[in-house]
Amino acid sequence: MNTLTDLPDLDHRHALFLDFDGTLAPLQDDASTVKLPDGIAEELTRLKDALGGALIIISGRDVRDLSSRVPNTLWRAGTHGLEICAPGESPEDTRSAAPATLTALAETAIAGLDHVHAETKGEVIAFHYRLNPEAAPTLQARLEAGLANIDGYKLQAGKMIFEAKPAGANKGKAVEKLLVLAALEDRMPVMVGDDTTDEDAFDVVNRLGGVSIKVGKGETRATYRLEGPEAVADWIKRQGRK
Ligand SMILES: O=P(O)(O)OC[C@H]1O[C@H](O[C@H]2O[C@H](CO)[C@@H](O)[C@H](O)[C@H]2O)[C@H](O)[C@@H](O)[C@@H]1O
């Protein structure tokens, strides 16, 4: 693992991908209360300008939800890249739905499990158990059994969450897609994230010769580490003010 002092300074040669929950915003029990820390929206805008627009927020959240929490002057990729908004663009009103079999599974999987809830994000359904961690093994077993009968869907475990996702909902694929969409193919990708879904993006960024930065503790395939959202905020401030 490289040290913080080795982190390259960002400039017009880089395209910066930033995860939202756990990276820009500290984790909370209630996902609906999460917001950017004070002053960070302005710092993100400043850094976006310094990078000639090449700053993308890439999240597991629905792009409508994400767009209500970050400036819409930034690129935003929601549901792990399934839906993308360019700077200034508003999310569409409609979105693709999860298959009926998955919607039915979502109900049976959480039945009888206190304080566990399902969050439907179009084709992806997330299952939150932060308020009842003991429910995780039962929830996981039910979801794995059910998903075995749903074509194209897989379960991915994250921080106090299981997500039932189609193959296209993958931050690695999203990074590749965004580099083309935003005409940033010539730039070196830099990915900052804290959770398992960010590891998919780290793999792609590492393969492309970019910079991968894990936020917080835990095993990772990233090559750098920042301690937590506060350290990320400090780094963003420094990079935008060079
Ligand atoms: O890719 P991200 O931007 O990191 O989004 C990942 C998931 O974030 C949210 O869940 C996580 O944050 C919640 C609020 O802090 C926390 O309560 C939960 O335990 C975390 O897993 C969001 O609700 C999900 O939809 C995202 O997929």
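Hi everyone, let's start at the ligand: 22 residues surround it, and Phe 20, Asp 21, Ala 31, Ser 59 and Gly 60 come nearest. Near here says that the C-beta atom, placed from the backbone, lies within 6 Å of the molecule. Please keep in mind that this is a predicted model, where local features need pLDDT of at least 70, side-chain atom pairs count only at pLDDT 80 or more, and totals for chains, interfaces and linings use all residues. Residues are numbered from 1 along each chain as its sequence is written.

What is the shell made of? It divides into seven nonpolar, seven polar and eight charged residues. For those classes, Ala, Val, Leu, Ile, Met, Phe, Trp, Tyr, Cys and Pro are nonpolar, Asp, Glu, Lys and Arg are charged, and the others, Gly among them, are polar.

Now the domains. Domain 1 covers 11-93 + 169-240 and domain 2 covers 100-166, with bounds from an automatic or database domain assignment. Their C-alpha centres lie 25 Å apart. Twelve residues of domain 1 and 13 residues of domain 2 make the contact, which is counted when C-beta atoms, placed from the backbone, lie within 7 Å. Each domain also gives at least three residues to the ligand shell.

Finally, have a look at Leu 139 in helix 4, residues 136-147; helices are DSSP runs of H or I, at least four residues, numbered from the N terminus. Is Leu 139 buried or exposed? Leu 139 is buried, because 20 other C-beta atoms lie within 10 Å, and the cut-off is 20 or more, with C-beta atoms placed from the backbone. Beyond four places in sequence, its contacts include Leu 113, Phe 127 and Ala 109. Ala 109 sits 30 residues away along the chain, yet the C-alpha atoms of Leu 139 and Ala 109 are separated by 6.0 Å.

Methods:
Two residues are in contact if their C-beta atoms, placed from the backbone, lie within 7 Å. Helices (H or I, at least four residues) and strands (E, at least two) are DSSP runs, numbered from the N terminus. A residue is buried if 20 or more other C-beta atoms lie within 10 Å of its own, exposed if 12 or fewer, and partly exposed in between; C-beta atoms are placed from the backbone.
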